[in-house]
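Q: Please take a close look at one part of this structure, the place where its two domains meet, and set it beside a few contacts elsewhere in the chain.

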Amino acid sequence: MKVNLKPLRDQVIVITGAGSGIGAVTARMAAAKGAKVVLAGRQEAALEQVARDITQEGGAAATVVADVGVQEDHERILALAVERFGRVDTWVNNAGVSIYGTLEQVPIEDQRKLFDTDYWGVVYGSLAAVRHMKATGGAIINLGSEVSDRAVPLQGAYSAAKHAVKGYTDALRMELRQLGAPISVTLIKPASIATKFTEHARNYMDAQPDLPPPVYAPELVAEAILHAAQTPVRDLFVGGAARAISAFGQNMPGLADRMAGWLFRHQRGPRTYEEMGQDSLYDAGGEHAAVRRPGRRFSAYSCTAMHPQATTLAVLALAGGALACVLRGRR
């Protein structure tokens, strides 16, 4: 069955992890384009602030305090969306958290908690969306990562969870296609993104956590998410670095393994870390000192991936212009 997605101005969009980072940026961008947004997350004050920003600009937003690691909370998210706006057209499973440290250092209970949020949160949200959208259609957009394809040391549990998200998303897409369900299922795979990701992560290292370069702005991820909300697409990398890491890991895995030293160095900040326990793994809003890096606001790769026809026309136009100049020069 062909999947037909609505323009953003006609959509109701659920976004988990909407109180900060990629989720908050996506919510504001979607609302600015006319979508009605349902903001879900654990921190009420942060959600309310994003909603105020949206309504002050003339947009429509509703909030629901929810823990994505609790299946019943997704039913409350869906119920609120239907009550306030009548339906859900796009469901974005964005909420996530990480842990820095070797797999030997990180307690199993912490790894389980990470999976509750990063993997089971995607599963629960996807199932709620599927039940609602089977008849009416829509888009499910799951946030993976460049580490969905290539694991990194010092974030082993996070890498494993994002691998699981990729496997689940791919299987769900195939099953829905076989059933003829009018639902698009997309996996977004960003590179390092300039949010409070490092400050919210639990840290078992003796150094402040950092992100391996290059680092991109969250607006690029939001643009990819909203592209997928309107255009059925299997997956999208955000940032050329994410695509390169995936290809490198798949085609030269042994050589990629030997990059571990570089990845160790670039995830350990220059300052020591002494604030264990101040993070957002178990409770919302926890932060600690970490390296903050500015994000690149443009990716030629992402632009090309989302707009291949326009890019081709632009290249042809440039080539035509260059040829015309050459011919004029020969007269």
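A: What follows goes through the domain interface and then some single contacts.

This is a predicted model, in which local features need pLDDT of at least 70 and side-chain atom pairs count only at pLDDT 80 or more, while totals for chains, interfaces and linings use all residues. Residues are numbered from 1 along each chain as its sequence is written, and side-chain values use heavy atoms, with hydrogens and water left out.

The domain assignment gives domain 1 (8–298) and domain 2 (300–330); such bounds come from an automatic or database assignment. Taken over C-alpha atoms, the centres of domain 1 and domain 2 are 34 Å apart. Ten residues from domain 1 and seven residues from domain 2 make the contact, where contact means heavy atoms within 4.5 Å.

Between them, domain 1 and domain 2 bury about 670 Å², 69% of it on carbon and sulfur atoms. Buried area is the accessible area (1.4 Å probe) that two parts lose on being put together, summed over both. On the side of domain 1 that touches domain 2, helix 7 (218–230), strand 12 (235–238) and helix 8 (240–251) each supply at least two residues. Helices (H or I, at least four residues) and strands (E, at least two) are DSSP runs, numbered from the N terminus. That side of domain 1 has five nonpolar, three polar and two charged residues. Here Ala, Val, Leu, Ile, Met, Phe, Trp, Tyr, Cys and Pro count as nonpolar, Asp, Glu, Lys and Arg as charged, and the others, Gly among them, as polar.

Zero salt bridges are found across the interface of domain 1 and domain 2. A salt bridge is a side-chain nitrogen of Lys or Arg within 4 Å of a carboxyl oxygen of Asp or Glu. The structure holds 17 salt bridges. One joins arginine 150 to aspartate 257, with the closest N and O atoms 2.4 Å apart. This pair links distant parts of the chain, 107 residues apart: arginine 150 is in the loop between strand 6 (138–143) and helix 5 (156–179), and aspartate 257 is in helix 9 (residues 253–257).

Another single site is glycine 17, in the loop between strand 1 (12–16) and helix 1 (21–32). The C-alpha atoms of glycine 17 and glycine 96 are separated by 7.1 Å, although the two are 79 residues apart along the chain. Leaving out residues up to four places away in sequence, glycine 17 touches Gly23, Ala24, Ala40, Asn94 and Ala95.
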